[in-house]
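Me: I am new to this structure and would like a close look at a single part of it, the largest pocket. What lines the largest pocket, and which residues lie nearest its centre? Please add what can be said about the parts around it.

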Amino acid sequence: MKNLTVLIPCYNEEKGIGKVIDGIPKEKLNALGYNTNVIIIDNNCTDKTVEIAKSKGALIIKEPIKGKGKALIKGFSSLNGDTDVVVMLDGDNTYQSSEMIRLIEPIDNNFCDAVIGTRLSGKINSGSMSTFNRIGNWAFTFLVRVAYHGNITDVCTGYFAWKREVIDSLSKTLTSNGFAIEMEMITKMIKMGYSIYSVPITYNRSEKSSSLHPVKDGAKILTTWARNLAWQPNGYKK
Ligand SMILES: Nc1nc2c(ncn2[C@@H]2O[C@H](COP(=O)(O)OP(=O)(O)OP(=O)(O)O)[C@@H](O)[C@H]2O)c(=O)[nH]1
Ligand SMILES: [Mg+2]
């Protein structure tokens, strides 16, 4: 059997986390040859997220410094030695954990090194993405396709799957604390020479109020895009 680790960075996700963990298709993954472990990165949760996740058998690790990027980097450094494939998704149940097989299959088949779930070429349910964010996501995706020649259809997605070896080198290069982490990972993976493809996924409306600041976080994402144009992978090339 191979081992799959699912990383879920969480800041107060008591409404969604139970559904995200319950939706992981453990039996289908088992049939594909994978044991599944779930790791919740507790980014200072003050609600019942940790309690709910523990009751569902997830391993909890803590990252005291705020920000999705920080939480994710902590998750990468906590992977155990026998993890073969890594998945990341949000804890707010906006991405469907039940669709995970679709991201794993191309990796399992050795079709590519990393897979992203694309909302823009997938199913965006009503109320899940504002027009402003949709335009921003299309614009960032266009910029990555033009300047980095990446075959990517949604650079700000929160649903990823990777071969373990990609994480081992990529994680050593990451510096984003917050919501620019996805742009940083994608632009660096392209420069490192990893092959990335997109599969269609569903994006649902969040039950909590939005914490992403479209202008402030958008500026950080754009800065990351610009900065990484000059970034060199050096010792981290595939
Ligand atoms: N907001 C926020 N989210 C964090 C933090 N650390 C980890 N996360 C997690 O990162 C994931 C994405 O955060 P969201 O707040 O849903 O951000 P988003 O999906 O980009 O935007 P909206 O859902 O539209 O607000 C969730 O699983 C959060 O729990 C943090 O410090 N702040
Ligand atoms: Mg969200």
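Reply: A pocket here is an open set of grid points with protein on both sides within 12 Å along at least five of seven lines, and a lining residue has an atom within 4 Å of a point. The model is predicted, and the values below are computed from it.

The largest pocket has a volume of about 1300 Å³. Its lining is made up of 50 residues. Nearest the centre of the pocket lie F179, S210, S211, L212 and D217. Sorted by character, the lining has 16 nonpolar, 22 polar and twelve charged residues.

Two or more lining residues come from each of these elements: strand 1 (2-10), helix 4 (68-77), helix 6 (131-148) and helix 9 (214-228). Helix 9 gives the largest share, eight residues.

Helix 4 can be described further. Its buried residues are K68, G69, A71, L72, G75 and F76. Viewed down the axis of helix 4, these buried residues fall within an arc of 160 degrees, so they line one face of the helix.

Some residues outside that list can be described too. K188 is found in helix 8, which covers residues 181-192. K188 counts as buried because its relative accessibility, 3%, is under the cut-off of 20%. A polar atom of the K188 side chain lies 2.6 Å from the backbone oxygen of T173, which is within the 3.5 Å limit for a polar contact.

Y34 is part of strand 2, residues 34-42. With a relative accessible area of 2%, Y34 is buried. Between Y34 and K123 there are 27 Å in space, C-alpha to C-alpha, and the two are 89 residues apart in sequence.

Last come the cysteines. A search of the whole structure finds zero disulfides. A disulfide would need two cysteine sulfur atoms within 2.5 Å. The cysteine sulfur closest to that of C112 belongs to C156 and is 20 Å away, so the distance is too far for a bond. C156 is likewise in no disulfide, with the sulfur of C112 as the nearest cysteine sulfur. C112 is buried, at a relative accessible area of 1%, and C156 is buried at 16%.

To return to the request: the pocket is lined by 50 residues, with helix 9 as the source of the largest share.

How values were computed. Residues numbered from 1 in each chain as written. Chains lettered and ligands numbered in written order. Predicted model: local features only at pLDDT ≥ 70, side-chain atom pairs only at ≥ 80, totals over all residues. Heavy atoms only, no water. 1 Å grid on protein atoms, 1.4 Å probe; cavity = no way out; pocket = protein on both sides within 12 Å on 5 of 7 lines; lining within 4 Å. Points joined across faces, edges and corners; volume = space filled by probe spheres on them. Helix = DSSP H or I, 4+ residues; strand = E, 2+ residues; numbered from the N terminus. Nonpolar A, V, L, I, M, F, W, Y, C, P; charged D, E, K, R; others polar. Buried < 20%, exposed > 50% of the residue type's maximum accessible area, 1.4 Å probe, protein only. Arc of directions from axis to C-beta. Polar contact = N/O pair within 3.5 Å; in protein donor to acceptor, adjacent residues only side chain to side chain.
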